[in-house]
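Thanks for making the time this morning. I would like to walk through one model with you, going from charged pairs to a sheet, a helix and a disulfide, and I will begin with a question once you have it on the screen.

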Amino acid sequence: MKYNTIQKLLSAAMLLAFTSSSVMAANTYGAYSNYTSSPSKTSINTDVRLTNSNAKINLSLRDSDVKQVLRMFADKVGMNVVFHTSVSGKVTLDLVDMPINDAFNLVLQIAGLNYYTQNNTLIVVAKDSADNAAFSKQEMMVFPIKYVSAAKIADFLNKNVFGMKKPGMSSIDAATVNSATNEVIIFGMPSDAAIVEKIIAQFDREPITRNFAVNHTTPAEMADMICNMLLPSRGAESADKDSSKEEGESSPMPGIGTGGAAGIITGGAADAEGSSGGGIKLGEGVVACSVSQSAIGSAPSAFDVQNLSIAYYTQRGVVTLMGGSEAQAQMIEKFIKMNDVKQPQAYLEMSIVELNEEGSKEFQNNWQVYSENWGVSFSNGKTSGGRPTTPYGTWYDVIDHHFEPGYKAADGTWHPATYQETPYKTQNPFRGSYISWQMSYLIENRKARVLANPKLLITNGQESVIDLTQDYVEKVTSEFLSSSSNGIGATGTVQRTYTIGEDKGIKVTLTPFISPDGYVTMNIKPEYATEAGQVTTLSETGDRDIAATLLSRRNLDLKNVRIKDGETLVIGGLIQETDQKVVQKIPVLGDLPIIGAAFRSSSTTKTKSELVIMITPKIINDGEGSVADSL
């Protein structure tokens, strides 16, 4: 009695434990039911049926002619049987209590045969015989398709269903389409209808459509990440190698192309072809990629009637999924939640200072020595000499220019002022010699300061440009529109063409990475260009045109410069210095020691400029939802 009681208690405990495990397993599955899915199964075995009876048979045969075996089945169900000339072979089998319909199906499969029924007659044909078409086309059945391509379903049926040539099913390409109505048409046996209905029910489903709002990245960037990162990692391949994208956007990765009509989805008053005209465009979107799976090895033909497509709508701020499965939609939603986060920002203060200093010293000696018949001068670095143009005692003509004032005559008439030219002769009165010496010393200093103090907001990973450049005339070209020659030179209407440059001044390009630990790492590229001079040339009009404008550049390209939050980076040492000294002297006399300084002139010019850049970043903490919070 005690043993029976203990046995009952153990049995109850085991039953309770088994029940608890089942409940826990059910709860566990329910908790993850959003992320798991059961495989979908569709049987493609035909219903081979000689009789509606469930009679079972016992049969044992060795190397028996297949025709005789099939006669036995026909006699058993009371049907006539006809064998095509292609039927041959032998079978060996041992069957115990097997339903007659299943036994008949096994014999047909082993012998490579197919069968057709007409009234009470069984027609047996080898499944690879060309005469199957004459027997299988017994009926025309039309199946409407709602959501997918009827042509692709028909192709799938012909390659993967009818191509198997199973008994009780058409052994030819029985499926075709009516493109106008998107219908699948089957020219086959009535038994084909059940398989076709199963296939259509499996694939002719309304495609999944999901809109995912994007808050912190642009829809174009998020769609590009999905196409280039998520989908290729899941084995997705391009369905269309042509790419259509907006200007300035990155192309999909190799193997991921865009599908759809010209890559554009439009709504409202948008242009159907996505043109960039001036009309109103509402809800315009762009297809980022359209992907499908490829068949592997000798697997059945790929069935891609519902490709997965990713599009984005910039105006609405959404990424759209079209097609695919519910599991893929959940995967994309999780990917967007993981990557659509706030990017860190920093407030950047920048000071750009250029210090210019220019100085010059000039020391000039001017000598002049004249006599009655000769003269020598040393002035402005030039030495000249020779006979006077009008020696002593030479007579030459002179014209006196003066105004006669107006006056009032005795009769009261007023006579206005007149201009008078009175010629007369005079003689050079100079006689004897004289010496003139003039000395000058000049010091000049000039200082200047150029300052730019831009302040801007920079975003993690985004390039920012501070452009303080100005336009300038780089080149001038003069030419005659119409001209004529008068024997001396050409004259006419002159046209001047000006080429304008845009890179004179200061330009700073920087790309920051703002780390969660309070540092800002930047790639900084400052560029500074000043005018160094101009090259001129003589044009066909006789004018001096600017052939080229020369610029003096001071550029840097700094990589991965790390600055702590609130600290200042100073970029200096961009110094440009020029010294020039010119000495002019009287030959021989200028080389004498001590007194030679009186016969020399000198000019010294010194130019110095330095560019200093100071950068101070201040990281902005604007609450949750940033990259740092998601790490």
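Which residue forms a salt bridge with Glu349? Keeping in mind that what you see is a predicted model, the partner is Lys618, and the closest N and O atoms of Glu349 and Lys618 are 3.9 Å apart. Glu349 belongs to strand β15, residues 345-370, while Lys618 belongs to strand β30, residues 600-620, so this salt bridge ties together parts of the chain that lie 269 residues apart in sequence. The 3.9 Å separation is accepted because the cut-off for a salt bridge is within 4 Å. As for their surroundings, Glu349 counts as partly exposed at 27% relative accessibility, and Lys618 is likewise partly exposed, at 38%.

By that rule, the count for the model comes to ten salt bridges, and I will take you through two others. In one of them Arg62 pairs with Asp94, with 3.0 Å between the closest N and O atoms. This pair also links distant parts of the chain, since Arg62 sits in strand β1, residues 56-65, and Asp94 sits in strand β3, residues 90-99, with the two positions 32 residues apart in sequence. Arg62 is exposed, having a relative accessible area of 53%, whereas Asp94, with 48%, is partly exposed.

The other pair is Lys504 and Glu531, whose side chains meet in a salt bridge with an N to O distance of 3.2 Å. Lys504 is in strand β25, residues 490-514, and Glu531 is in strand β26, residues 519-538, so the parts tied together here are 27 residues apart in sequence. Is Lys504 buried or exposed? Lys504 is buried, with a relative accessible area of 17%, because anything under 20% is counted that way; Glu531, on the other hand, is partly exposed at 36%.

Staying with strand β26 for a moment, we also find Val520 there, and Val520 is buried, with a relative accessible area of 0%. If we set aside neighbours within four places in sequence, the residues in contact with Val520 are Pro512, Phe513, Ile514, Val561, Arg562, Ile563, Pro617 and Ile619. The C-alpha atoms of Val520 and Asn560, which are 40 residues apart along the chain, are separated by 9.3 Å.

Let me turn now to a sheet. Strands β2, β5 and β4 form an open sheet of three strands, in the order β2-β5-β4 and with mixed pairing. The edges are taken by β2, residues 80-83, and β4, residues 113-118, each of which has a single partner strand, so one side of each is left without a neighbour in the sheet. From one strand to the next, the twist averages 25°. The pairing of β2 with β5, residues 121-126, is in the parallel sense and runs over four bridges, and within it Asn80 has Thr121 of β5 as its bridge partner.

What lies across this sheet? Helix α2, residues 66-77, lies across β2, β4 and β5, and runs at about 160° to β2.

Next comes helix α3, residues 100-111, where a check on length is possible: at 1.5 Å a residue its twelve residues should span 16 Å, and the end C-alpha atoms are 17 Å apart, which agrees. The buried residues in α3 are Ile100, Asn101, Ala103, Phe104, Asn105, Val107 and Leu108. On the general point, an α-helix has 3.6 residues a turn, so residues three or four places apart point the same way. The buried residues of α3 are covered by elements that include β1, α2, β3, β4 and β5. After α3 comes Gly112, with a positive phi near 70°.

Finally, how many disulfides does the model contain? The count comes to one disulfide, which joins Cys227 to Cys289 with an S to S distance of 2.0 Å. The torsion about this S-S bond is about -85°, so the disulfide is left-handed. Cys227 is in helix α7, residues 219-233, and Cys289 is in strand β12, residues 282-292, so that the disulfide links distant parts of the chain, 62 residues apart. Both ends can be placed by accessibility as well: Cys227 is buried, with a relative accessible area of 2%, and Cys289 is buried at 0%.

Definitions and conventions:
Residues are numbered from 1 along each chain as its sequence is written. This is a predicted model: local features need pLDDT of at least 70, side-chain atom pairs count only at pLDDT 80 or more; totals for chains, interfaces and linings use all residues. Side-chain values use heavy atoms; hydrogens and water are left out. Buried means under 20% relative accessible area, exposed over 50%, partly exposed in between (1.4 Å probe, protein chains only). Two strands pair if DSSP finds at least two bridges between them. Axes are lines fitted to C-alpha atoms, for helices over the stretch in contact, and angles run from 0 to 180 degrees between N-to-C directions. Contact means heavy atoms within 4.5 Å. A disulfide is a pair of cysteine sulfur atoms within 2.5 Å. The expected span of a helix is 1.5 Å times one less than its number of residues.
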